[in-house]
Each structure stands twice: as C-alpha cells, then as structure tokens.
Amino acid sequence: MNTESLSLNDQRDLVKSSEVSASDLASTCYHQIEKLNPTLNAFITVVKPEENSFPQSGSMPLYGIPIAVKDLYNTKGIRTTSGSKFFADNIPAEDAFVVQKIKKAGGQIIGKTNTHEIALGVTNNNPHFGACRNPWDITRTPGGSSGGSAVAISTGMAMAAIGTDTGGSIRIPAALCGVVGLKPTYGRVSLRGILPLSWNLDHAGPITRKVEDAALMLQVMGGYDEQDPSCVKTLPGDYSSHLMDSMVERKVALAVGSYIEEATDPEVLKAILEAAKVLESQGVIITEVNVDFLKEAALANSLMTQADGAAFHRERMKEHPDWFGADVRQRLETGAAFTSSDYALARRTQVEARRRCELLFDQFDVLILPTTPIAAPVLEGENAVERARQLTRFTAPFNLTGLPALSVPCGFTSENLPIGLQIVSRPWNESGVLRAGYAYQQATTWHTIKPKIALS
C-alpha cells in the first residue's frame with residue numbers, strides 16, 4: 001500500500017487498525033533515506049531503525065508517524081549539531097519541549113535534518129556537514145534554514161517534519177521544494193530546547209505534504225509552556241475542524257505595489273494571480289492592496305536577526321570566530337556592529353508594521369502574496385549569494401510582526417521549479433490561514449506532484 005499519498009490522520013488510522021504497522025511506515029521512510037540522502041544530504045543524523053521505539057497506544061494523534069526534526073531542536077541522547085562546528089558532538093540530556101509533545105503524541109523521531117549553520121541563512125549550504133540539495137534540481141538550493149526538513153517531506157524521507165523560522169526558514173524551503181510550511185503566531189509554540197537565533201523573531205512550526213497535516217502537527221506542537229518566556233498563554237487552538245468551512249464571501253487581500261512587482265519573477269506573479277482566481281471561483285472576494293510598507297519591515301527583521309544572533313553567539317565569536325563559516329561569520333560581525341540606535345529604530349518599525357497589519361486585518365480575513373519572489377536559485381556560482389538574499393523579501397515582514405503565515409504549493413516555473421503561495425492573517429488566526437490554504441489545495445493538484453528523484 002502506498003501510504004505516502006495519505007494524510008497523517010489516514011496513516012495513523014491504518015496503523016491503529018493494524019492494516020500497516022508503525023514499523024512499516026518507518027521502513028518506507030528509511031528506504032527513501034538510504035536511497036536519496038547520499039545525493040540530497042537532507043539528514044545530518046539518522047536514527048537507526050533498531051534504535052527507534054514504536055508507540056503502543058492507538059489513541060495518540062501521531063500514532064506511528066515517522067517525523068524528521070530540524071537539527072536545532074534538542075533530542076535526548078541524539079546528536080544535535082545546530083549545523084555548527086561548536087555543537088558537532090552535542091548530545092542533549094533532554095528533549096526540546098516540542099519534541100516531548102511529539103513523542104507523547106506517538107510520533108517516531110527518525111532523524112535530524114540539515115540546516116544552514118546556526119539557522120543564520122537561507123541556502124542550507126553548510127560548510128561543516130555539506131550542502132543540502134533541492135530534489136527538483138540538485139544544483140539549486142532547497143532554501144533554508146530548514147532545508148533538510150523540506151527536502152525530507154518532498155521526497156518521502158519523512159511523513160512530517162519540524163523546522164524553525166526567523167525570517168522565512170520554514171516557508172522558504174517549503175516553497176522551493178513544493179511542500180507546505182506553517183509559521184504560527186509568535187508565542188503559539190514553545191521555543192524551549194531550540195538553539196536561539198533571535199529571541200524576538202524565532203518561531204517553531206511544521207513542514208508537511210498537505211495543509212491538513214500541518215493543522216494536525218500544530219495541534220500537537222502548540223500549547224503553553226510556563227518555562228518559555230516567549231510562550232503566550234492562550235486558549236487551545238482547534239485547527240482541523242474548520243478546514244472545510246465555506247470560503248464564500250471571505251475577504252482576501254491580494255498584495256500589489258512596487259515592493260511586490262519590482263523584484264518578482266513574472267512566472268511567480270502569474271502563478272499568484274492564477275491562485276487568486278482559483279479562490280475567487282470559490283466565492284472569495286479579492287481586493288488588491290498595496291503592501292509597500294513591508295519593505296521597511298523586512299529590513300528591520302534582517303537587522304534584528306543579525307544583532308540578536310551576534311548577542312547570543314558573542315562568546316563563541318570571541319573565542320573561535322574561525323569556527324564559523326564565512327557567510328555566517330560576516331552576518332554576525334555585521335550584527336555586532338549595529339548601534340543601540342539602529343536597534344531602537346528597528347523596534348519602532350516593528351511596532352508600526354504590527355499596527356499597519358492590524359488595520360489591514362480589520363478589513364480582510366487573509367492576505368495572499370508570493371512566498372518567495374523567485375524560484376530556487378543555484379547553490380553556487382556567479383550571483384548565487386545575491387539571488388539567495390532575495391528569498392526573505394516576502395517572508396521576513398511576518399516574523400517581525402509575529403503573524404501566522406502559511407506557504408502552499410501553487411505551480412511551477414518553465415524550468416519545473418516549485419512556486420509557493422503565502423497566506424497570512426491576524427494574530428492567533430492559524431485556523432483562517434489553514435482554511436484558505438486547504439480550500440486552494442483542494443481545487444488544485446500541485447501538492448500531489450513529486451520530484452522525479454523521489455519516484456526513481
């Protein structure tokens with residue numbers, strides 16, 4: 001039976017009914033890892049099948065589901081490198097809070113996925129553990145910093161994965177690899193046990209093949225953690241029961257303006273306009289809205305990310321700056337050079353951007369725009385770094401504002417590279433972005449298409 005095409009709920013129910021076993025699900029993933037990881041380098045560490053313990057209770061929401069964990073999350077007894085030479089031999093004594101929740105829900109941790117070094121970058125070209133490669137074209141970046149998690153999902157090396165997102169690091173690789181990535185509202189998911197990049201901007205969230213799977217993963221991952229000062233005490237969310245609610249007369253803002261148009265590939269723009277038409281055919285009311293204010297928000301997010309990263313890694317930079325890769329070291333040096341006035345102005349931009357978004361979502365249910373302005377750029381060569389810098393253009397503003405944002409597949413370029421549609425809403429309205437994403441997903445076939453390398 002081909003279980004890869006099924007939702008996580010369906011896979012769990014098969015295990016519960018004994019039609020397949022948890023071991024069968026894991027074996028499917030391990031087979032793909034053995035076949036593809038030598039080429040794609042999605043995993044830094046693989047948990048061997050004989051080391052994996054399978055859950056026993058069929059009532060668990062992730063009963064038997066094989067899950068890949070970004071190598072930024074602490075995993076008890078399993079090496080957690082953060083993609084860094086500093087942590088190459090780090091064996092945590094306990095799991096990150098989210099990993100604890102996944103295990104309690106019955107999920108099987110099958111490995112730790114490749115990440116851009118300390119999560120400070122979006123190419124996943126890691127100098128210490130090797131570059132992770134895009135399964136649609138191995139000469140191109142999968143995006144980052146959660147690139148390994150997205151590659152694992154795109155190729156069937158895992159049934160679900162978790163990542164982190166400070167400027168787009170869940171949504172960017174999801175878009176470039178043709179899968180689903182969700183960044184929840186800031187404070188929705190505990191960050192305890194995850195190596196920080198920015199205490200103010202970090203988010204934890206899932207990467208999956210389908211929107212309904214992201215909803216299920218968030219159901220497990222979310223919840224209050226009193227030991228995490230960034231975690232907010234809110235009512236438990238219900239992200240799955242309203243997925244199929246009607247979209248008729250929902251108000252959707254379509255992002256336009258020079259900030260969108262001047263840097264976005266025409267094929268990406270066309271795909272987003274086509275996505276708007278798909279939603280419109282379901283009774284959605286589409287209104288064009290100028291979002292040029294996002295430019296300042298993206299710049300402020302970049303400044304704060306580098307400054308916060310420099311603060312967290314200041315001792316390591318003093319002791320062994322040469323242990324960092326060249327690109328990461330340069331960003332940390334840039335972050336350390338910002339003044340307190342620079343940082344204060346960025347925080348002011350953060351407050352202003354949040355208010356602009358509040359006013360926007362007083363009028364609209366969701367905002368739609370490209371996840372990235374371009375498809376996956378090449379990993380190396382002329383203009384590779386410059387092209388990669390474009391990738392956070394449309395994702396970073398929503399880390400600064402802390403809003404829930406979802407990336408779903410919405411077509412391909414003429415070079416057969418995936419394009420992502422980003423859906424954003426007001427704080428705590430994950431149900432709204434998931435509902436809109438599900439409605440679009442059900443009317444299209446993009447999520448069913450897999451890279452040839454995964455089918456060979």
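Colleague: Happy to start with one residue: which residues does Lys85 touch, not counting residues up to four places away in sequence?

Modeller: This is a predicted model, where local features need pLDDT of at least 70, side-chain atom pairs count only at pLDDT 80 or more, and totals for chains, interfaces and linings use all residues. Residues are numbered from 1 along each chain as its sequence is written, and side-chain values use heavy atoms, with hydrogens and water left out. A contact means heavy atoms within 4.5 Å. Leaving aside residues up to four places away in sequence, Lys85 touches His128 and Trp323.

Colleague: Is Lys85 buried, partly exposed or exposed?

Modeller: Lys85 sits in the loop between strand 2 and helix 3; helices (H or I, at least four residues) and strands (E, at least two) are DSSP runs numbered from the N terminus. Buried means under 20% relative accessible area, exposed over 50%, and partly exposed in between, with a 1.4 Å probe and protein chains only. The relative accessible area of Lys85 is 43%, so Lys85 is partly exposed.

Colleague: What separates the C-alpha atoms of Lys85 and Ser240?

Modeller: Along the chain, Lys85 and Ser240 are 155 residues apart. In space, their C-alpha atoms are separated by 40 Å.

Colleague: Phe86 also catches my eye; how are the rings of Phe86 and Phe324 arranged?

Modeller: Rings of Phe, Tyr and Trp (its six-membered ring) pair if their centres lie within 6.5 Å; planes under 30 degrees apart count as stacked, over 60 as edge-to-face and the rest as tilted. The structure holds 6 aromatic pairs. The rings of Phe86 and Phe324 have centres 4.8 Å apart and planes at 45°, so this pair is tilted.

Colleague: How many residues apart in sequence are the parts that Phe86 and Phe324 tie together?

Modeller: Phe86 belongs to the loop between strand 2 (66-70) and helix 3 (97-104). Phe324 belongs to the loop between helix 10 (314-319) and helix 11, so the pair ties together parts whose separation in sequence is 238 residues.

Colleague: Which residue joins Phe86 and Phe324 in one aromatic cluster?

Modeller: Phe324 is buried, at 3% relative accessibility. The aromatic cluster holds Phe86, Phe324 and Trp323.

Colleague: Trp136 and Phe412 also form an aromatic pair; which of them is partly exposed?

Modeller: Their rings are 5.0 Å centre to centre with 55° between the planes, a tilted pair. Trp136 lies in the loop between strand 5 (130-131) and helix 4 (147-154) and Phe412 in strand 12 (residues 405-412), so the pair ties together parts 276 residues apart in sequence. Trp136 is buried, with a relative accessible area of 14%. At 22% relative accessibility, the partly exposed one is Phe412.

Colleague: Which residues have the most contacts inside the largest nonpolar core?

Modeller: A nonpolar core is a set of buried Ala, Val, Leu, Ile, Met, Phe, Trp, Tyr and Cys residues joined through side-chain atoms within 4.5 Å. The largest one has 99 residues. Those with the most contacts inside it are Leu62, Tyr73 and Leu434.

Colleague: And which helix gives the largest share of the lining of the largest pocket?

Modeller: On a 1 Å grid over the protein atoms alone, a cavity is a set of points where a 1.4 Å probe fits but cannot get out, and a pocket is an open set with protein on both sides within 12 Å along at least five of seven lines; lining residues have an atom within 4 Å of a point. The largest pocket is lined by 34 residues, with Val122, Ser302, Arg331, Arg389 and Thr392 nearest its centre. Helix 9 (294-312), helix 11 (326-337) and helix 13 (384-389) each supply at least two residues of this lining. The largest share, 7 residues, comes from helix 9.

Colleague: What is the volume of the largest cavity?

Modeller: The whole structure has 3 cavities of 30 Å³ or more. Among the residues lining the largest cavity are Glu4, Ile153, Gly156 and Asp213. A volume is the space filled by probe spheres set on the grid points, which are joined across faces, edges and corners. For the largest cavity that comes to about 70 Å³.

Colleague: Last one: which residue does a cis peptide bond join to Gly144?

Modeller: Omega of this bond is about 10°. The partner is found in the loop between strand 5 and helix 4. Gly144 is joined by the cis bond to Ser145.
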